[in-house]
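Biologist: I'd like a close look at one single part of this model. Could you pick a strand and walk me through what surrounds it, step by step?

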Amino acid sequence: MKKTVPKIVSLKNDRVISMMTAYDYPSAKAVSQAEIDIILVGDSLAQVVLGHDDTLSVSMDEMLHHVKAVTRAKPDSLVVADMPYMSFHSTPKETLYNASRFIQEGKADGVKLEGGNKRKEMIEVLINAEIPVMGHLGLTPQSKNIMGGYKIQGRTLELATKLLEDAILLEGLGCFALVLEGVPSVLAETVSQNISIPTIGIGAGVDVDGQVLVYHDLIGMKSKEYIDAKFVKRYTNQYEEVLKSMKSFKKDIESRDFPTEEHSYGAGELTEENIIEWKKEVKKILS
Ligand code: KIV
């Protein structure tokens, strides 16, 4: 059954919520079939699919292209589209235009955007337009230049309080869930206990309402060198499997073990006698 925003909200204090990124039709099919509650078409697309060094370079159009591929899979999971850098930073009008493209053209069920109080106006305009919003606090990768790199956030009492205040603000604005990334477990636990909307953690410990991982991290499918974050659990090494298959293909065609009769099409009218005649015809045509 298709997951809805109220359904996700109702899962808080009931069971652990699962979220996984996906960026195309086959990954969305797999995530949905695994009965994961939420698909996030994350801007991590920039790194794990498009080969950029960070998430700042992915555009609205590129994100939309992948959101469309995901929703074509008609997943039962709720589909949340990640607002890329600069798609919600200038004006509420532009923010609304961009988010509405994800909903109208991309058929997403909601959007996610990074930041707290700084993005208040932008979140308000989306919720007023009936667009469900998932918040994202802590180590927000789009702020990497301000943060001075990918650093665990909220480690001082002052910053922990600020993050809790931001979380309460996002709940008050009407966000339906909140991603907590790269924060001390105790802070994530405190936030989760003090807001009524579900928290979904990544590098935020166990005491949150749900967990999210990046698809390519989980399946071990990375084209670049692994940047092994402490919070990643790799369940399989698909890159190695794919590499093995590619090498076997090359070996098979070189040794002519592939294709075989089994992979080839039958002659039809091209019988031995016909072929002699046909070759004569071909010669005439070519002369
Ligand atoms: O883009 C992404 O994949 C994310 C998750 C890590 C939460 O924002």
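Modeller: Sure, let's take strand β6. Ala-177, Val-179 and Glu-181 point one way from β6, while Leu-178 and Leu-180 point the other way, and all of them are buried. That back-and-forth fits a general pattern: in a regular strand the side chains alternate between the two faces of the sheet. Keep in mind that this is a predicted model. The strand covers residues 177-181 and is mostly covered, with five of its five residues buried.

Now for the neighbours. Strand β5, residues 133-138, is joined to β6 by five bridges, and the two run parallel. To find one of those pairings, look at Gly-135, whose bridge partner in β6 is Leu-178. Then there is strand β7, residues 199-202, which also runs parallel to β6 and is joined to it by four bridges. Here you can look for Leu-180, which stands opposite Gly-201 in β7. How does the chain get from β6 to β7? Helix α9, residues 185-194, belongs to the picture: β6, α9 and β7 make a right-handed β-α-β unit.

Next, follow Val-179 to the ligand. Val-179 is one of the residues that surround the ligand, and others include Leu-40, Asp-43, Ser-44, Asp-82, Lys-112, His-136 and Ile-202. Three of these names are worth a closer look for their polar side-chain atoms. In Ser-44, an N or O atom of the side chain is 2.5 Å from an oxygen atom of the ligand. Asp-43 has a polar side-chain atom 2.9 Å from a ligand oxygen atom, and for Asp-82 that kind of distance is 3.2 Å. On its own the ligand has 260 Å² of accessible area, and the protein covers 95% of it.

Lys-112 ties a few of these threads together. You'll find Lys-112 in strand β4, residues 110-112. Buried means under 20% relative accessible area, and Lys-112 has just 2%, so it counts as buried. Who is around it? Leaving aside neighbours within four places in sequence, Lys-112 is in contact with Val-179, and also with Leu-40, Val-80, Ala-81, Asp-82, Met-83, Met-134, Gly-135 and His-136. So the trail leads back to our strand: Val-179, which is in contact with Lys-112, is also among the residues surrounding the ligand.

Conventions:
Residues are numbered from 1 along each chain as its sequence is written. This is a predicted model: local features need pLDDT of at least 70, side-chain atom pairs count only at pLDDT 80 or more; totals for chains, interfaces and linings use all residues. Side-chain values use heavy atoms; hydrogens and water are left out. Buried means under 20% relative accessible area, exposed over 50%, partly exposed in between (1.4 Å probe, protein chains only). Two strands pair if DSSP finds at least two bridges between them. A crossover is right-handed if, with the strands pointing away from the viewer, the path from the first strand over the helix to the second runs clockwise. A residue is near a molecule or strand if one of its heavy atoms lies within 4 Å of it. A polar contact is a pair of N or O atoms within 3.5 Å; within protein, one must be able to donate a hydrogen and the other to accept it, and residues adjacent in sequence count only if both atoms are side-chain atoms. Accessible areas come from the Shrake-Rupley method with a 1.4 Å probe; for residues, only the protein chains shown count as cover. Contact means heavy atoms within 4.5 Å.
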